[in-house]
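Biologist: Could you take me through one part of this protein at close range? I'd like to hear about a strand and its partners, along with the loop that leads up to it.

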Amino acid sequence: MAAAAASLLHLATSACSPPRVRLVCPTTGRRSPLRAAPAAPPPRAYKVTIEHGGESRVVEVEEGETILSRALDEGIDVPHDCKLGVCMTCPARLVAGEVDQSDGMLSDDVVAQGYALLCASYPRSDCTIRVIPEDELLKVQLATADD
């Protein structure tokens with residue numbers, strides 16, 4: 001009886017085991033050992049200092065994440081609305097560092113002056129952002145539209 005149980009256990013584990021695959025080089029006919037694919041590097045995170053309401057908080061924002069989404073996740077109550085880069089209710093000044101905000105609607109000359117929209121700002125380095133009143137950005141955006 002014990003031999004039958006051991007035999008069944010061996011068959012069950014063999015059936016559950018993944019089949020062995022051997023890669024063969026079509027040119028040389030040699031077998032190639034299987035290797036696990038290298039692990040993807042962890043996403044890069046940047047330290048972003050957010051100045052708002054007289055306070056300054058440092059948060060880590062991962063590559064591919066907007067500053068607005070991280071600020072909200074961290075409980076920082078920053079102004080926002082559409083989260084699409086078009087309504088301009090999450091304005092900021094880039095004090096230091098770099099952000100990619102190519103998804104936003106700010107004109108190039110406004111961006112060159114250091115303005116940003118938090119919902120469309122992806123950090124590309126450690127940086128400092130100061131949340132500003134919406135009117136300040138609107139004045140600058142409208143002034144450059146008249147030029």
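Modeller: Here is a walk around strand E5, with some background on the whole chain along the way. Bear in mind that this is a predicted model, in which local features need pLDDT of at least 70 and side-chain atom pairs count only at pLDDT 80 or more, while totals for chains, interfaces and linings use all residues. Residues are numbered from 1 along each chain as its sequence is written, and side-chain values use heavy atoms, with hydrogens and water left out.

Confidence comes up right away, and pLDDT is the predictor's own figure for it, given per residue from 0 to 100. The protein averages 83, and 73% of the residues score at least 70. The lowest mean, 51, belongs to helix H1 (residues 2-16), whereas strand E9 (residues 127-131) has the highest, at 98. Where pLDDT is low, the predicted coordinates should not be read in detail.

Now the layout. Helices (H or I, at least four residues) and strands (E, at least two) are DSSP runs, numbered from the N terminus. There are four helices and nine strands in the protein, and from the N terminus on they go α-β-β-β-β-α-β-β-α-β-β-β-α.

On to E5 itself, residues 91-96. Two strands count as paired if DSSP finds at least two bridges between them. E5 runs antiparallel to E7 (residues 115-117), with three bridges joining them; on that side, Arg93 has Tyr115 as its bridge partner. E5 is also antiparallel to E9, this time through four bridges, and there Ala96 stands opposite Thr128.

The loop before the strand has its own quirks. Lys83 sits between helix H2 (67-73) and E5, and its phi is near 65°, positive even though Lys83 is not a glycine. Met88 is in the loop between H2 and E5 as well, with a positive phi of about 65° and, again, no glycine to account for it. For background, most residues other than glycine have a negative phi. Met88 counts as buried because its relative accessibility is 6%, where buried means under 20% relative accessible area, exposed over 50% and partly exposed in between (1.4 Å probe, protein chains only).

As for the whole protein, 30% of its 147 residues count as buried. Taking contacts as heavy atoms within 4.5 Å, residues 24 or more positions apart account for 54% of those with a separation of 6 or more.
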